[in-house]
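Trainee: I should like to learn how to read a structure of this kind, feature by feature. Where would you begin?

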Amino acid sequence: MLRLKEIEAWYGDRIVLNGVSLSADEGELMRIRGRSGSGKSTLLRIMSLLQKPNVGEVEVLGKSAWSISEGEREELRGKISYIPQFLELIENLTVLENVQLALEVRGIENGEDRAREALEVLGIRGFEERLPRELSGGQRQRVAIARALVSSPKILIADEPTSFLDDIASSSFYRLLEELSSSFKMGIIVSTTELNLPKRSGWREMILEKGSLREL
Ligand SMILES: Nc1ncnc2c1ncn2[C@@H]1O[C@H](COP(=O)(O)OP(=O)(O)OP(=O)(O)O)[C@@H](O)[C@H]1O
């Protein structure tokens, strides 16, 4: 589903990723731990094809993503949903409109039914007409996931999705991801700064340290 080969990334003279290789299978659940500033967001943006690595190869669904045309790359990007660390809901659109927009930008018209269904899957029925500021942090998170899911991606990548959640909410959030992954055969990759979390069954646990990624 996703392969990284000897990825290097740097900003100016600061090397952030230094030879990261990884192979994630279809439908795999993966959690990447790393301290703040270790390069998790850089790695996740590279996986989502939002950032080109300085060195190395990114292969998504069998295609080498930076050796193909921009049009083909755009098509690949359409199969990956990325949820950034700071949720970017559009504040003057309703919850429903926020989710529908994800379909519209992909050229899918009249996506209201699909958007409502995605909100229902995420357990936020009844909030469709609210504005994002009228939601709790956890509810905003769910809207962001609904928006990421509505386009039926093969891969969902979420940057520190549990950073605003308490332990109970965080654990039900992981259960939700597990259900979504098995219902939709979707690979999921999340990052966290919590280095000492207990391992979670069904998840491949990795740690990003000093520019290298290794299995825990
Ligand atoms: N656009 C940029 N220009 C310059 N330096 C950057 C840029 N983006 C990230 N960095 C630097 O690269 C390093 C890794 O940043 P990154 O955001 O990938 O880490 P992170 O592990 O996601 O951190 P956090 O958990 O705090 O979000 C940091 O030292 C950061 O300051």
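Mentor: Let us begin with the interior, bearing in mind that this is a predicted model. The largest nonpolar core holds 46 residues, and L43, V99, A118, L119, A146 and I157 have the most contacts inside it.

Trainee: Why would such residues be found together?

Mentor: In soluble globular proteins, nonpolar side chains tend to be buried together. In the present case, helix α5, residues 137–149, gives the largest share of the core, six residues.

Trainee: Where does this core lie with respect to the domains?

Mentor: The core lies between domain 1 and domain 2, because both give residues to it. Domain 1 covers 1–79 + 157–216, and domain 2 covers 89–152.

Trainee: How far apart are the centres of domain 1 and domain 2, and how many residues does the contact take from each?

Mentor: Taken over C-alpha atoms, the two centres are separated by 23 Å. Seven residues from domain 1 and seven residues from domain 2 make the contact. On the side of domain 1 that touches domain 2, six residues are nonpolar, one is polar and none is charged.

Trainee: Which residues does I157 contact, beyond its neighbours within four places in sequence?

Mentor: With those neighbours left aside, I157 is in contact with L44, M47, S48, I80, Y82 and I189. I157 is also one of the core residues with the most contacts inside the core.

Trainee: Let us turn to the sheet. What is the order of its strands?

Mentor: For a sheet, one reads the strand order, then the edges, then the individual pairs. Here four strands form an open sheet in the order β2-β1-β4-β5, with antiparallel pairing. β2 and β5 (63–64) are the edge strands, each pairing on one side only.

Trainee: How many bridges join β1 to β4, and how many join β4 to β5?

Mentor: Strand β1, residues 2–11, is joined to strand β4, residues 55–60, by five bridges, and the two run antiparallel. Within this pair, L2 has V60 of β4 as its bridge partner. β4 and β5 are also antiparallel, paired over two bridges. V60 appears here too, with K63 of β5 as its bridge partner.

Trainee: What is found between the strands in the hairpin of β4 and β5?

Mentor: Two residues lie between the strands of that hairpin, and L61 takes a positive phi near 45°.

Trainee: How should I read the surroundings of the ligand?

Mentor: One asks which residues come nearest, which elements supply them and what their classes are. Of the 13 residues around the ligand, the nearest are Y11, S36, K40, S41 and T42. β2 (14–24) and α1 (40–47) each supply at least two residues of the shell, and the largest share, three residues, comes from α1. By class, the shell has nine polar, two nonpolar and two charged residues.

Trainee: As a last case, is G126 buried or exposed?

Mentor: One counts neighbouring C-beta atoms inside 10 Å, and a residue with 12 or fewer is exposed. G126 has 10 such neighbours and therefore counts as exposed. G126 lies in the loop between α4 (112–121) and α5. From G126 to S136 the separation is 10 residues in sequence and 14 Å in space, C-alpha to C-alpha.

Definitions and conventions. Residues numbered from 1 in each chain as written. Predicted model: local features only at pLDDT ≥ 70, side-chain atom pairs only at ≥ 80, totals over all residues. Near = placed C-beta within 6 Å. Nonpolar A, V, L, I, M, F, W, Y, C, P; charged D, E, K, R; others polar. Core = buried A, V, L, I, M, F, W, Y, C linked by C-beta atoms within 7 Å. Buried ≥ 20, exposed ≤ 12 C-beta atoms within 10 Å, placed from the backbone. Domains from an automatic or database assignment. Contact = placed C-beta atoms within 7 Å. Pairing = 2+ DSSP bridges.
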